[in-house]
Amino acid sequence: MSDNADKVAVLGAGSWGTALASLLARHGLRTVLWGRDAAMVEAIDQRHENTRYLPGIPLPESLRATTDMAQAVEGAAWILVVTPSHAFNETVTALAPLRPAGAGVAWATKGFEPGSGRFLHEVAREILGDDVPLAVVTGPSFAKEVTQGLPTAITVHGDVPEFAQAVAEAMHGPAFRAYTGDDMLGAELGGAMKNVLAVATGVADGMQLGLNARAGLITRGLNEMLRLAAAIGAKPETLMGLAGLGDLVLTCTGDLSRNRRLGLALGRGQTLQDAIREIGQVVESVQTADEVMRQARRYGIDLPISDGVRAV
């Protein structure tokens with residue numbers, strides 16, 4: 001398949017980047033995964049396994065991996081950024097001069113820009129300019145289950161409907177459903193905020209406060225999401241869909257969630273440092289809690305659960 005219309009570059013070789021690259025390769029797209037860690041990239045490229053983040057799960061033999069970003073994005077029809085939120089600005093800045101003409105940029109990163117509290121679409125727009133199509137990929141999705149080919153549904157929100165549709169169609173398959181929308185603000189808010197609320201439910205479960213408490217926290221947590229969404233001008237239906245409620249339920253109840261596991265550890269009396277060290281991957285909620293409360297202060301909104309998580 002030498003046609004560049006079939007080529008996609010995925011930037012970020014962590015668990016989620018690898019899972020989405022694997023999905024795209026399985027769907028017949030020429031997929032190149034970029035990562036910084038040479039040993040891990042070689043394992044993906046040669047042995048078809050992400051030995052660090054997804055050990056024991058075979059990856060498609062057609063999936064290529066490289067540490068050279070220019071090589072990864074050369075001739076790509078579109079690019080998918082899947083780095084932690086703290087590396088998003090740096091990655092998109094490095095991508096900007098290498099991006100092929102006409103190639104849209106999507107991301108599956110959840111969180112705000114640390115320090116500024118900006119939404120990631122604001123960061124991408126500032127770096128890439130006004131004429132690059134943008135889209136956010138979000139929803140209830142654990143990397144391990146996607147890589148194993150288990151059924152998953154996500155949503156792609158973009159400012160150019162044709163680009164969001166193209167990204168969704170590339171991901172859509174027998175066990176993977178991708179829906180589309182045009183509310184990037186709401187989609188990003190849901191993807192970021194649910195990590196903070198998952199810590200709260202994890203703490204409650206770690207303290208063995210019961211299933212009533214968990215359900216109460218999820219429901220009131222959704223209410224906090226909706227309150228902030230209304231203030232910033234996001235659509236409530238976005239938060240009631242996969243990007244909000246769907247992701248919230250998964251992250252609050254599924255033990256594959258790093259943010260839930262962080263809460264469980266804190267609820268059992270572990271220190272924050274020990275809990276993060278044990279999880280061994282980026283836990284987005286630690287920074288996101290600060291940024292959510294920065295938004296709450298900006299709009300004068302009371303978010304008691306999110307505030308409690310930040311205090312913990």
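In the predicted model, helix α2 (38–47; helices being DSSP runs of H or I of at least four residues, strands runs of E of at least two, numbered from the N terminus) has M40, V41, A43, I44 and D45 as its buried residues, where buried denotes under 20% relative accessible area, exposed over 50% and partly exposed in between, with a 1.4 Å probe and protein chains only. The cover over these buried residues includes α1 (15–26), β2 and β3 (64–66), contact being defined as heavy atoms within 4.5 Å. Residues are numbered from 1 along each chain as its sequence is written. Because the model is predicted, local features need pLDDT of at least 70 and side-chain atom pairs count only at pLDDT 80 or more, while totals for chains, interfaces and linings use all residues; side-chain values use heavy atoms, with hydrogens and water left out.

D37 is placed in the loop between β2 (30–34) and α2, and is classed as partly exposed because its relative accessibility is 35%. This residue caps the N-terminal end of α2, with a side-chain oxygen 3.0 Å from the backbone nitrogen of A39. The D37 side chain also reaches the backbone nitrogen of M40 at 3.1 Å. A separation of 9.9 Å is found between the C-alpha atoms of D37 and G12, which are 25 residues apart along the chain. Just after α2, H48 adopts a positive phi of about 60 degrees.

Notes
Polar contact = N/O pair within 3.5 Å; in protein donor to acceptor, adjacent residues only side chain to side chain.
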